[in-house]
Structures are given as structure tokens and as C-alpha cells.
Amino acid sequence: MGPGLTVPPIYSPIPPAIHPCHAEADVQTAAWAETFRIGSEELRGRLVAQEIGTFAARILPEGREEVVSLLADFILWLFGVDDGHCEEGELGRRPGDLAGELHRLLRVAHNPEAPLMLDDPLAAGLRDLRLRVDRYGTAGQAARWVDTLREYFFAVVWEAGYRRSGTVPQLNDYTLMRLYDGATTVVLPLLEMGHGYELQPHERDRTEVRAVTEMASFIITWDNDIFSYHKEKKEKKATGYYLNALRVMEEHDGLAPEQALAEAISQRDRVMCLYADLTAHLTRHGSPQLGQYLRSIGHFIRGAEDWGISSVRYTTPDDPADMPSFFRDTPVDDSRKPLDIPVVRWWWGLLPEAAHADAGAGSGRRLPRQTAHS
């Protein structure tokens with residue numbers, strides 16, 4: 001994090017939860033990574049030590065164990081792509097070549113029987129993942145899973161353009177890119193699979209529900225940027241480049257690291273408050289399936305937070321990051337004014353006035369009750 005820069009406790013109104021199978025999920029995912037030889041030996045060794053199975057168990061604390069295992073393997077696979085190809089590999093600075101490689105992988109996801117990339121470990125792992133998605137999900141969920149992979153791939157190619165030029169995007173572009181390059185949307189179809197239902201399109205595609213999923217992506221990726229800043233700044237010595245919300249604000253707003261950290265926390269707190277209000281409103285007026293979907297999104301947010309402050313991926317024990325060990329009950333910034341980021345400003349126009357009044361009547365935002373195993 002750089003000398004003297006400490007990450008304070010972050011606001012989270014969502015209680016922690018974890019599936020009882022979390023330790024077994026870590027073991028199984030490490031074995032899966034070895035079976036399919038995901039990444040280089042050095043990268044694979046790092047990934048299997050990062051408790052990715054535990055992360056999946058936090059996202060689906062009451063889900064089917066088979067889907068927890070599928071999710072854990074998929075997250076590790078995504079890190080194999082992101083760390084191996086984008087962050088540390090040569091393709092990460094060659095957007096055209098990266099686009100070709102990812103498009104071939106997308107074809108494997110769409111048609112696993114295609115005779116393509118037959119000797120590629122990432123393709124072999126992806127074929128296995130697709131077969132399991134078909135086993136535990138519906139045809140519609142499998143199609144959405146491939147569509148969200150396309151979103152993720154498209155965004156990391158965009159990011160590779162900045163890495164090639166060594167430049168830093170403006171905050172508006174960075175925010176839009178981060179909604180997808182953080183690989184958050186690719187998890188959403190598995191939230192349904194984990195509980196054995198399919199959310200109907202009239203609810204999933206409703207503007208307010210789409211906004212809630214975008215807010216979740218914003219919170220998860222902003223939190224990730226806050227928690228990973230130390231790691232990424234340290235790794236800059238090896239890669240020569242890193243991209244992070246704090247760096248964007250340092251570069252374009254002239255903020256010192258401490259000021260950028262405070263601004264990022266303020267931004268995510270305001271989104272978290274709006275997210276909590278809109279989620280509570282949708283839960284009251286939606287179907288039981290929508291309620292389950294929204295609870296799962298909440299587990300995803302909190303699971304990412306708990307994993308972010310505890311995994312060796314971000315705590316970097318060899319050069320420890322100064323991370324919090326708990327979360328705040330109240331936001332640092334609970335303003336209802338929209339953020340000055342045009343691509344997300346529309347979120348603040350979705351909450352009915354009555355829901356605004358309900359939120360303002362209490363002392364803090366509260367999400368619908370979520371059962372916690374911890």
C-alpha cells in the first residue's frame with residue numbers, strides 16, 4: 001500500500017456467511033487446477049494457496065455443493081486467464097492478439113465439442129466447466145453464462161489497450177470498463193444454478209434489477225481496488241503497469257494516495273447505501289425467486305469483502321498490506337446525491353420516493369435478513 005497508507009474498516013450492512021463445505025472446496029479446486037494444469041506452475045501454486053474454494057463458499061453459503069465446487073473452479077480459471085494472459089502474460093499488452101485468443105476460448109465455451117485449442121489447458125478446463133454448467137443449469141442459464149463471458153473478454157481487451165500504451169483512463173471510462181473486467185457478471189448465472197431455480201426474464205431483465213447487479217459489480221470491484229492496491233503497486237516493479245480506481249484518481253484528479261483512498265471509500269459507500277435501499281424495495285415487491293437472487297447478490301458482495309481482507313492474494317504476507325480485520329456498521333458517506341460519474345448516474349433515478357422516505361426514516365440502511373453460517 002505504500003508506507004503509511006492504511007485501509008480502514010469498510011462499511012458493510014450484509015452479514016457474513018459461508019458454506020460448511022468451504023475447506024473441502026479449497027482442496028477440490030486445488031486438485032482441479034492441477035488436473036487441468038491451469039496457468040504456469042508458478043501461477044498455479046499461487047492460485048491454489050488463495051482459498052478460492054472458500055470464496056465460492058461465501059458466495060453460495062446455502063447453495064448446492066456441486067455448484068459451489070463449479071463456481072470455485074470457474075473463479076480459479078478466470079484468474080488463470082486474468083493473471084496468466086492479461087496481467088502478467090505478453091498478450092496483456094497486445095489487445096488484437098488477446099482478442100483472438102479470447103474469441104477462440106469463447107467458441108470453446110459456446111461449442112465445447114469444437115476441435116479447437118485441443119492442447120490448451122485453459123480450453124480443456126473451460127470444456128469441463130461448460131459440461132458442468134449444462135449439468136446443473138438450464139439451457140437459458142448456459143447461454144447467459146457464455147454471454148457474460150463475452151462481456152468480460154471484451155472488457156479485458158479494452159483494458160489491454162491501456163496497458164499497451166501505459167496510459168490511465170478517465171474515471172468515467174474506467175468505471176464502465178470495471179463493471180465487466182472484474183468478472184462479476186459471469187458469476188450471476190451460477191447464483192441461480194446454486195439454488196436450482198431460473199429467474200424469469202421479466203424480473204431479471206427489469207431495469208431496477210439490472211441496476212442492482214451493476215451496483216454490486218461497482219461495490220465488489222471498488223472494494224477489490226481498495227484491497228488490492230498494495231499488491232498491484234508492488235507488482236508494478238515486475239510488470240511496469242497497473243490499473244486501479246485509486247490510481248485513476250491520483251492520475252487525473254491529482255490526489256495523493258490517502259485522498260484517493262478516501263474518495264474511493266466515499267464512492268462505494270454511497271453506492272452501497274443506494275444498493276441497500278433499492279434491494280429492500282425490490283425484495284418487498286418481487287417474487288420469492290427474485291428475493292433469493294437478491295440475497296445471493298448480497299452474499300457475493302460480502303463474500304468478496306471477507307475474502308478480500310483475508311486471502312493471501314491481497315494480504316501479501318511477505319510484504320504485508322495494512323488491511324482492516326472487521327467492517328463498519330455505518331457508512332462514511334451516506335449522501336443520496338448521485339456520483340459525478342455519468343455512466344452510473346442513472347442508478348439514482350430508480351428508487352421510488354416512498355422508498356427514499358423509508359430509507360431516510362431509519363438510522364441506517366438495512367438489507368433483508370440473510371441467514372449466516374458463521
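**Reading helix packing and a pocket**

Modeller: Let's start with one pair: α13 and α14 are roughly antiparallel to each other. Keep in mind as we go that this is a predicted model.

Colleague: OK, how do I read that? What is the angle between helix α13 and helix α14?

Modeller: The general idea is that an angle over 145 degrees counts as roughly antiparallel. Here, α13 (residues 257-285) and α14 (residues 288-310) pack at about 160°, and their axes are 10 Å apart. The crossing of α13 past α14 is left-handed.

Colleague: Which residues in α13 and α14 meet?

Modeller: On the α13 side, look for R268, M272, Y275, T279, L282 and T283. Facing them from α14 are L290, L294, I297, G298, I301 and E305. Sorted by type, the residues of this contact of α13 with α14 come out as 7 nonpolar, 3 polar and 2 charged.

Colleague: Let's move to α4. At what angle do α4 and α6 pack?

Modeller: Helix α4 covers residues 65-87 and helix α6 covers residues 121-136; they pack at about 150°, with axes 10 Å apart. So α4 is roughly antiparallel to α6. Their crossing is left-handed.

Colleague: And which residues of α4 and α6 should I click on?

Modeller: In α4, pick E66, V67, S69, L70, D73, F74, W77, G80, V81 and H85. Their partners in α6 are L122, G125, L126, L129, R132, V133 and Y136. The mix in the contact of α4 with α6 is 10 nonpolar, 4 polar and 3 charged.

Colleague: α4 also packs with α5. How far apart are the axes of α4 and α5?

Modeller: They sit 12 Å apart, at an angle of about 160°, with α5 being residues 95-110. By the same kind of reasoning, α4 and α5 are therefore roughly antiparallel to each other.

Colleague: Is the crossing of α4 and α5 left-handed or right-handed?

Modeller: Right-handed. W77, V81, H85 and C86 in α4 meet L98, E101, L102 and L105 in α5. That contact of α4 with α5 has 6 nonpolar residues, 1 polar and 1 charged. Spot W77, V81 and H85 here: these α4 residues also meet α6.

Colleague: Now a pocket. What is the volume of the second largest pocket?

Modeller: About 420 Å³. To read a pocket, start from its lining. This second largest pocket has 17 lining residues, and T148, E151, T185, L188 and T213 lie nearest its centre. The elements giving two or more residues to that lining are α7 (139-165), α8 (171-181), α9 (188-195) and α11 (207-239).

Colleague: How many residues in the lining of the second largest pocket are nonpolar, polar and charged?

Modeller: The split is 5 nonpolar, 4 polar and 8 charged.

Methods
Residues numbered from 1 in each chain as written. Predicted model: local features only at pLDDT ≥ 70, side-chain atom pairs only at ≥ 80, totals over all residues. Heavy atoms only, no water. 1 Å grid on protein atoms, 1.4 Å probe; cavity = no way out; pocket = protein on both sides within 12 Å on 5 of 7 lines; lining within 4 Å. Points joined across faces, edges and corners; volume = space filled by probe spheres on them. Helix = DSSP H or I, 4+ residues; strand = E, 2+ residues; numbered from the N terminus. Nonpolar A, V, L, I, M, F, W, Y, C, P; charged D, E, K, R; others polar. Axes fitted to C-alpha atoms, helices over the stretch in contact; angles between N-to-C directions. Parallel < 35°, antiparallel > 145°, perpendicular 65-115°, else oblique. Left-handed = near helix turned anticlockwise from the far one by under 90°. Contact = heavy atoms within 4.5 Å.
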